[in-house]
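Please take a moment with the sequence and the model below before reading on. The paragraphs that follow lead from one residue out to the whole chain and back to its sheet.

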Amino acid sequence: MTFEWDETKNAENIAKHNVSFEEAQDAFYDENAIINEDEEHSLSEERYFCIGKTRKDILTVRFTYRNGNIRIIGAGYWRKQKKYYEKENNLY
């Protein structure tokens, strides 16, 4: 997998959610990761969520595909998505 992102968005994400896009890459390597379409934010291009386990916790990453790369748009540790991940992976 090849990742890319905008460095300005990365800095904004770190300030807002305390998660770097470098760290966000880890979610994609979780064998139990869940990929869903982000219908709410898919305006000019298809966008997706990757919900996967990292060293810290369950991370949600918003991304799209551009030129064969995974372009990370945002990431955060959100409880709603963590609960969804746990339910889908029978971790309750």
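**A walk through the fold**

Not counting residues up to four places away in sequence, Thr54 touches Glu23, Asp26, Ala27, Leu59 and Tyr77. The model in which these contacts are found is a predicted one, and every value below should be read with that in mind. Thr54 is found in the loop between strand E3, which covers 48–53, and strand E4, which covers 58–66. Although it belongs to a loop, Thr54 is buried, with a relative accessible area of 8%, a value that falls under the 20% that sets the limit for buried residues. One of its contacts is a polar one, in which the side chains of Thr54 and Tyr77 are joined at 2.9 Å.

To place this loop in its surroundings, it helps to step back to the chain as a whole. The secondary structure of the chain comes to 3 helices and 5 strands, and read along the sequence these elements follow the pattern β-α-α-β-β-β-β-α. The chain has a radius of gyration of 13 Å, close to the 12 Å that the globule rule gives for 92 residues, so it is as compact as a globular protein of that length. Along its principal axes, the C-alpha trace spans about 35 × 25 × 25 Å. Of the 92 residues, 42% count as buried, while the accessible surface of the chain comes to about 6,000 Å², with 44% of that belonging to carbon and sulfur atoms. Among the contacts in the chain with a separation of 6 or more, 45% are accounted for by residues 24 or more positions apart.

How are the strands arranged, and in what order do they stand in the sheet? The 5 strands form an open sheet in the order E1-E5-E4-E3-E2, and the pairing within it is mixed. E1 and strand E2 (34–37) stand at the edges with a single partner strand each, so one side of each is left without a neighbour in the sheet.

Starting from one edge, strand E1 (residues 3–4) pairs with E5 in the parallel sense over 2 bridges, and the bridge partner of Phe3 in E5 is Ile70. Strand E5 itself, made up of residues 69–76, is mostly covered, since 8 of its 8 residues are buried.

From E5 the sheet continues to E4, with 7 bridges joining these two strands, which run antiparallel. Three of the pairings can be followed along the strands: Thr64 has Arg71 in E5 as its bridge partner, Arg62 stands opposite Gly74 in E5, and Val61 stands opposite Ala75 in E5. E4 and E5 form a hairpin with 2 residues between them, and Asn67 in the turn has a positive phi of about 50 degrees. Because 7 of the 9 residues of E4 are buried, this strand is largely enclosed by the rest of the structure.

On the way to the other edge, E3 and E4 run antiparallel and are joined by 6 bridges, one of the pairings being that of Lys53, which stands opposite Ile58 in E4. A hairpin joins E3 to E4 through 4 residues, and the loop between these two strands is the one in which Thr54 is found.

The aromatic residues give another view of the structure. A search of the whole structure finds 7 aromatic pairs, including that of Phe63 and Tyr65, which is edge-to-face, with 5.4 Å from centre to centre and 90 degrees between the planes. Phe63 is buried, with a relative accessible area of 0%. Phe63 and Tyr65 also belong to one aromatic cluster together with Phe3, Phe28, Tyr29 and Tyr48, so named here without the strand pairings, although Phe3 was met above as the bridge partner of Ile70 in E5.The last stop is Tyr85, which is found in helix H3 (residues 79–88). Is this residue buried or exposed? Tyr85 is buried, with a relative accessible area of 3%. Leaving aside its neighbours within four places in sequence, Tyr85 is in contact with Asp30, Asn32, Ala33, Ile34, Ile51, Gly52, Lys53, Ile58 and Leu91, and among them are Lys53 and Ile58, which stand opposite each other in E3 and E4. Tyr85 and Ala11, by contrast, lie 74 residues apart along the chain, and their C-alpha atoms are separated by 26 Å.

Note on methods: Residues numbered from 1 in each chain as written. Predicted model: local features only at pLDDT ≥ 70, side-chain atom pairs only at ≥ 80, totals over all residues. Heavy atoms only, no water. Buried < 20%, exposed > 50% of the residue type's maximum accessible area, 1.4 Å probe, protein only. Contact = heavy atoms within 4.5 Å. Phe/Tyr/Trp six-rings, centres within 6.5 Å; stacked < 30°, edge-to-face > 60°. Polar contact = N/O pair within 3.5 Å; in protein donor to acceptor, adjacent residues only side chain to side chain. Rg over C-alpha atoms; globule rule 2.2 N^0.38 Å. Areas by Shrake-Rupley, 256 points an atom, 1.4 Å probe, with all protein chains shown as cover. Pairing = 2+ DSSP bridges.
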